[in-house]
Amino acid sequence: MAKSGYTTDRHPRILEGNDLEALAKYIKSDGCRNVFLMLGAGVSTSAGIPDFRSPGTGLYANLARLNLPFPEAVFEIEFFKENPIPFYTLAKELYPGRFRPTPTHSFITLLHSHSLLHTCFTQNIDTLERRAGVPAHKIIEAHGSFATQRCIECKTPFDAEKIKKAVLSEKIEIPRCEQRRCQGLVKPDIVFFGEALPDQFHKSIRNLREADLLIVLGTSLTVHPFASLVDLVPSDCPRVLINLDEVGHFNKPDDVLLLGKCDDVVRELCKELGWEEELDAAWEKTKDSLEAGEQGQEPEPEELAEDEVDKITKNLEQALKVSDKDEEGPSSKSKASDLVEPGSVEEDKTSSAEIPTEVKL
């Protein structure tokens, strides 16, 4: 069950209360026409995508034992230029198609089908919003995604099927620009440390002034400038936090806190809205978003995420040729080979998306 409430003694001005029932009633009213969303890694964890920042259990905590300059170096642009192997080791299993969108992603498609969704801002690079059926023009991928790729030198776009084939081949081939005079490294349009956020993100911020409702899901609200979006909606716009823990400053009269797992809270909300059957139908369709070979019985999300973290760490360790006892390892200046042995990448989707901005901004 979601724990709901708000943190001031003032009475709400637009909502009839600060709970799920009042929120559902407002969403169905004529006053709610433009719903904005902010998504973080917590939206995708039930898909089995590992969390990056959890102390002790997150991917960064596990990468800290490897002989990298620092765990986040895997997503640092200068390190990538010198040694792209670690990133593409991760990317081998990170590519879209391995993980199924969650019921929360399907909820976003329902908002769109009910003509309520204005914009979905996401920190995640996993493209699960797209794979759930949310139109691309409704999504702002603040930290980029695997949807497109290009040369890091001349910026020439690179063919999606070619990079997928290179990365998912038995021996990972580091993709390079096909321009004869360039031959620069190619990478997905994910924002690395040391890179600017997409122009589309900055241009879209002004649209928040049109918000009738802001729903924040599965984020720690510590990564800026993304986290600052919560303060850019109109002062009387109801704001909803759906998250395991209370974060940020949701203390305005129309703020609503719904604490719990995103999928559980979203299902309760859909019951109040009368959308539960629609949610089930929309999520059922997402089975088709999995690539061949990835379909079948789905393990528990917690088990899958733990397995992913372990596998990612082991594969990186193999790729870097380091062990727990080694004190020597590849430096950030080591030259990368164009071929990497398999056993590479596991799901890092969540991370990449969220990662880049946290340290750099």
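Does Leu221 count as buried or exposed, and what is the relative accessibility behind that label? In this predicted model, Leu221 has a relative accessibility of 11% and counts as buried, because buried means under 20% relative accessible area.

**Backbone angles**

Leu221 lies in the loop between β8 and β9. Its phi is near 55°, which is positive although the residue is not glycine. Ser115 also has a positive phi without being glycine, with a value near 60°. Ser115 sits in the loop between α5 (103-113) and β3 (117-122). With a relative accessible area of 59%, Ser115 is exposed, because exposed means over 50%. Most residues other than glycine have a negative phi, and most peptide bonds are trans. The table sets out the two residues.

| Residue | Phi | Loop | Relative accessibility |
|---|---|---|---|
| Ser115 | near 60° | between α5 and β3 | 59%, exposed |
| Leu221 | near 55° | between β8 and β9 | 11%, buried |

The peptide bond between His224 and Pro225 is cis, with omega at about 10°. Pro225 belongs to the loop between β8 (213-217) and β9 (239-243).

**Nonpolar cores**

How many residues does the largest nonpolar core have? It has 36 residues, and those with the most contacts inside it are Leu37, Phe107, Leu213, Leu217 and Trp275. Helix α9 (residues 262-273) gives the largest share of this core, 6 residues. A second core, separate from that one, has 28 residues, including Val74, Phe79, Cys151 and Phe158.

Leu213 can be looked at on its own. When its neighbours within four places in sequence are set aside, Leu213 is in contact with a list of residues that includes Leu23, Tyr26, Ile27 and Cys32. Asn34, Val35 and Phe36 are also in contact with Leu213, as are Cys237, Pro238 and Val240.

**The second largest pocket**

Rolling a probe the size of a water molecule over the atoms shows where empty space is left. The second largest pocket holds about 490 Å³ of space. Its lining is made up of 24 residues, and the closest to the pocket centre are Gly144, Arg150, Asp189, Ile190 and Pro198.

Which element supplies the largest share of this lining? Strand β5 does, with 6 residues. At least two lining residues come from each of β4 (139-141), β5 (144-151), β7 (186-190) and α8 (199-204). By type, the lining of the second largest pocket has 13 nonpolar, 4 polar and 7 charged residues.

Conventions: Residues numbered from 1 in each chain as written. Predicted model: local features only at pLDDT ≥ 70, side-chain atom pairs only at ≥ 80, totals over all residues. Heavy atoms only, no water. Core = buried A, V, L, I, M, F, W, Y, C linked by side-chain atoms within 4.5 Å. Buried < 20%, exposed > 50% of the residue type's maximum accessible area, 1.4 Å probe, protein only. Helix = DSSP H or I, 4+ residues; strand = E, 2+ residues; numbered from the N terminus. Contact = heavy atoms within 4.5 Å. 1 Å grid on protein atoms, 1.4 Å probe; cavity = no way out; pocket = protein on both sides within 12 Å on 5 of 7 lines; lining within 4 Å. Points joined across faces, edges and corners; volume = space filled by probe spheres on them. Nonpolar A, V, L, I, M, F, W, Y, C, P; charged D, E, K, R; others polar.
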